[in-house]
Structure formats: C-alpha cells, structure tokens
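Q: I would be grateful for a close look at a single part of this protein, explained step by step for a first-year student. Please describe the strand in question, its neighbours and the aromatic rings around it.

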Amino acid sequence: MEEIKNGRRPDGKSISKRRPDGKSIRKSSAGKRPAQDEGIRRGSAGKADGRSMRSRSAGGRTPEGRSAGHRGRRKKKKQRNSLVTNVILVIAAFVFCISAFQLIKIGKGYYDGRSEYEKIRELAIEENKDGGPKYKVNFDELLALNPDTIAWLRFDPEPAIINYPVVQGKDNEEYLHKTFSANENTLGTIFLNVDNNTNFLDENSILYGHYMNDGSMFRHLEDYKDKAFWEANPYFYIYTPDGQELVYHIYSVGEVLDTSDTYLTDFPTNDDYQKFLNMTKEVAMYDTGIEVTTGDTIVTLSTCTSANNDHRFVVRGVKVKE
C-alpha cells in the first residue's frame with residue numbers, strides 16, 4: 001500500500017476526504033474566503049462612507065460618473081441652444097429695426113409730399129369772386145416754381161383730394177418719383193403723357209398719377225367703381241395757363257392692362273378713332289349712357305391698382321365745355 005503524505009498519493013493526486021454520506025469534502029485554499037464571503041466583505045467596505053457600493057459599468061465608470069458626463073453634455077447642448085437663440089434674436093431685432101426705419105421713411109415721405117402740395121394749393125388756388133370759373137389758378141407762381149407746369153386738375157365736389165398741378169416732362173419717367181418742386185418723393189407729380197400736346201386738343205390726352213396708400217394723388221379714382229359715386233360726382237376740371245376751364249363729363253370707368261389700346265393717342269382715321277371710343281365704352285364697369293363721337297376729345301386719367309402691377313384703373317372724361 002502506497003504511503004500517503006500530506007493528503008496526497010505518491011503520484012501527486014489529491015485524495016478527497018468523504019463524509020459519512022459518501023460526499024467528498026474539499027478544502028478551501030489557504031487564506032482564501034468563499035466568494036460569497038468576499039462579496040460580503042466588499043459590500044461592507046462599500047458602506048464605509050455611508051453609501052452602498054454599486055456595480056461598475058462596462059467602461060469602468062460609476063453611475064455617478066455617467067450622470068456627471070450626461071449633465072456636462074446637457075449643459076453644452078443648452079449653451080449651444082442659448083447661442084442659437086441669441087443669434088436669432090439679434091437677427092430679428094436687426095430686421096425689426098430695418099423695417100421700422102423703412103416704415104418711418106415711407107411715412108415721412110407721405111407727410112412731406114402732402115405738406116408740399118398743400119402749400120402749393122395755398123399759393124396757387126383761390127376762390128374766384130369775379131364770376132366765371134369757381135376757382136382761379138395763379139400760373140405765374142406755378143411756372144416760377146416749375147417751368148414744366150401745363151395745367152391744374154381738380155375734382156368737385158368729390159374726390160376733393162384730387163386737386164393738383166399738372167406737368168409734362170421730357171419723358172414719362174421723369175415725374176414718377178419727383179414732386180412738383182423737384183423733390184425726390186414717391187408721390188411724384190400728376191403728368192401729361194409725353195406724346196400729347198399741352199393744349200388738350202388731342203383726341204385722347206392721358207394724365208398719369210400714382211395710387212398712394214395714404215389716399216393722395218390718384219388713389220381715389222377707384223371711388224368711381226361705385227356707380228352711385230359717379231352719379232354724385234360726374235365731372236372733373238382742367239385749368240390751363242391761358243385762362244380756360246375745361247369741363248369733362250366722365251363717361252367710362254374701368255380696369256385695363258398696361259398694354260391696352262386705352263393708351264393710344266394717334267388715330268389715322270375717324271374710323272380708327274370711333275373703334276377706340278367704342279372699346280372704351282365696352283370695357284367700362286357700368287353704362288353711363290353718355291354718347292361720345294369722333295368730333296369729341298377725351299382725357300384719360302390713369303393710375304395703378306392695388307391688385308396687380310400689370311393692371312391700371314382708368315377714368316375717362318369727354319370734354320363738354322371750355
């Protein structure tokens with residue numbers, strides 16, 4: 001029988017001791033606690049500072065570390081969002097300031113233009129107490145201010161605001177944004193078509209004026225869309241430097257394209273002119289019942305519309321008295 005030393009056989013294999021029930025009994029390694037005891041020890045050590053020890057994450061960071069990193073990322077994101085918000089606010093403030101400046105500029109332009117024309121009216125128009133025309137126009141004063149003056153246009157009784165001097169420039173662009181006193185202004189000036197004669201003897205004389213949102217210039221021509229308004233205010237008046245008061249009876253009101261035959265001023269034959277006159281009545285918004293023949297001359301008042309840049313609103317009057 002082989003000698004057994006230190007619990008091992010001569011071949012070095014360990015001999016397991018067995019309990020009475022036949023199950024083997026293994027000895028623990030020297031100085032080594034059971035895994036559960038070691039776990040208890042680690043748990044006890046983790047409680048030394050009053051907090052329980054939590055398992056570590058795969059990266060070796062504690063949940064507290066993850067929370068701190070998350071807070072850091074959240075703080076950076078918040079800072080970025082705050083920066084974007086501040087940039088948007090700065091841009092919005094800039095746009096607001098520019099818009100406010102433009103509105104103030106437009107408002108000032110309206111005010112300056114209206115003030116200028118009010119002063120011109122006070123200077124040039126007076127009620128005639130000597131009989132004849134209701135008003136007298138001082139063309140000497142007007143021509144001293146602007147040698148391009150060719151007439152004065154007035155509606156009576158309404159729209160009374162249409163009460164302006166009339167000029168004729170070197171082209172149809174000159175007075176679009178220049179007032180009677182040669183100031184740069186969006187109101188511009190009422191002007192006669194460059195191809196027309198200043199004596200208003202052409203078959204179709206055309207006067208242009210802006211459609212202004214403040215109600216000035218030709219804005220109130222659109223009042224004639226209402227037939228009842230026309231019935232109450234069917235005339236307009238043109239005064240000339242030679243002392244004439246030309247009276248025009250409005251016979252056609254309508255909206256046309258800017259390329260319409262409405263803007264023809266030259267008619268080779270009477271037939272051509274009659275076709276033109278027929279057209280002006282056919283496109284009218286309502287029938288006024290006023291007859292116009294080739295022996296008549298008309299004045300067309302033209303302005304833009306609020307609906308479309310390609311459309312124009314026109315009021316046409318036939319001369320009934322001079």
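A: Ring pairs join five residues, Phe155, Tyr224, Phe229, Phe236 and Tyr248, into a cluster. The model is a predicted one, and every value below has been computed from it. The cluster is a convenient point of entry, since two of its members, Phe155 and Phe236, also stand opposite each other, with Phe236 in strand β9.

Let us begin with strand β5. This strand covers residues 149–155, and the range includes Phe155 of the cluster. Is β5 mostly covered or mostly open? The strand is mostly covered, for seven of its seven residues are buried. A residue counts as buried when its relative accessible area is under 20%. For the chain as a whole, buried residues make up 36% of the 322 residues.

The next step is to ask which strands pair with β5. One partner is β6, residues 163–167, which runs antiparallel to β5 and is joined to it by five bridges. Within this pairing, Ala151 has Val166 of β6 as its bridge partner. Another partner is β9, residues 235–239, again in the antiparallel sense, this time over four bridges. Here Leu153 is matched with Ile238 of β9, and Phe155 stands opposite Phe236. When reading such pairings, a general rule is helpful: side chains in a regular strand alternate between the two faces of the sheet.

Strand β6 also offers a contact of another kind. Tyr164 falls within the range 163–167 of β6, and Arg121 lies over the face of the Tyr164 ring, at 4.8 Å from the ring centre. A similar arrangement is found at Tyr175, where Lys178 lies over the ring face at 4.8 Å from the centre.

We now turn to β9, the strand that holds Phe236. β9 is mostly covered, with four of its five residues buried. Besides its pairing with β5, β9 pairs with β10 in the antiparallel sense over five bridges. In this pairing Tyr239 stands opposite Glu245 of β10. The two strands form a hairpin with five residues between them, and Gly243 in the turn has a positive phi of about 95°. β10 spans residues 245–257, a range that includes Tyr248, another member of the ring cluster.

Following the chain beyond β10 leads to a loop, which runs between β10 and helix α5 (270–282) and contains Thr262. Why does Thr262 count as buried? Thr262 does so because its relative accessibility is 0%, and the limit for a buried residue is under 20%. Leaving aside residues up to four places away in sequence, Thr262 touches Asn204, Ile206, Val256, Phe276, Met279, Thr300, Val314 and Arg316.

One of these contacts, Phe276, leads on to helix α5. Tyr273 and Phe276 both lie in this helix, three residues apart, or about one turn. Both residues are buried. The structure holds eleven aromatic pairs. Tyr273 and Phe276 form a stacked pair, with 6.3 Å from centre to centre and 15° between the planes.

Finally, the part may be set within the whole. The protein chain has five helices and twelve strands. Of its contacts with a separation of 6 or more, 57% involve residues 24 or more positions apart.

Conventions: Residues are numbered from 1 along each chain as its sequence is written. This is a predicted model: local features need pLDDT of at least 70, side-chain atom pairs count only at pLDDT 80 or more; totals for chains, interfaces and linings use all residues. Side-chain values use heavy atoms; hydrogens and water are left out. Buried means under 20% relative accessible area, exposed over 50%, partly exposed in between (1.4 Å probe, protein chains only). Contact means heavy atoms within 4.5 Å. Two strands pair if DSSP finds at least two bridges between them. Rings of Phe, Tyr and Trp (its six-membered ring) pair if their centres lie within 6.5 Å; planes under 30 degrees apart count as stacked, over 60 as edge-to-face and the rest as tilted. A charge sits over a ring if NZ of Lys or CZ of Arg is within 6 Å of the ring centre and within 35 degrees of the ring normal.
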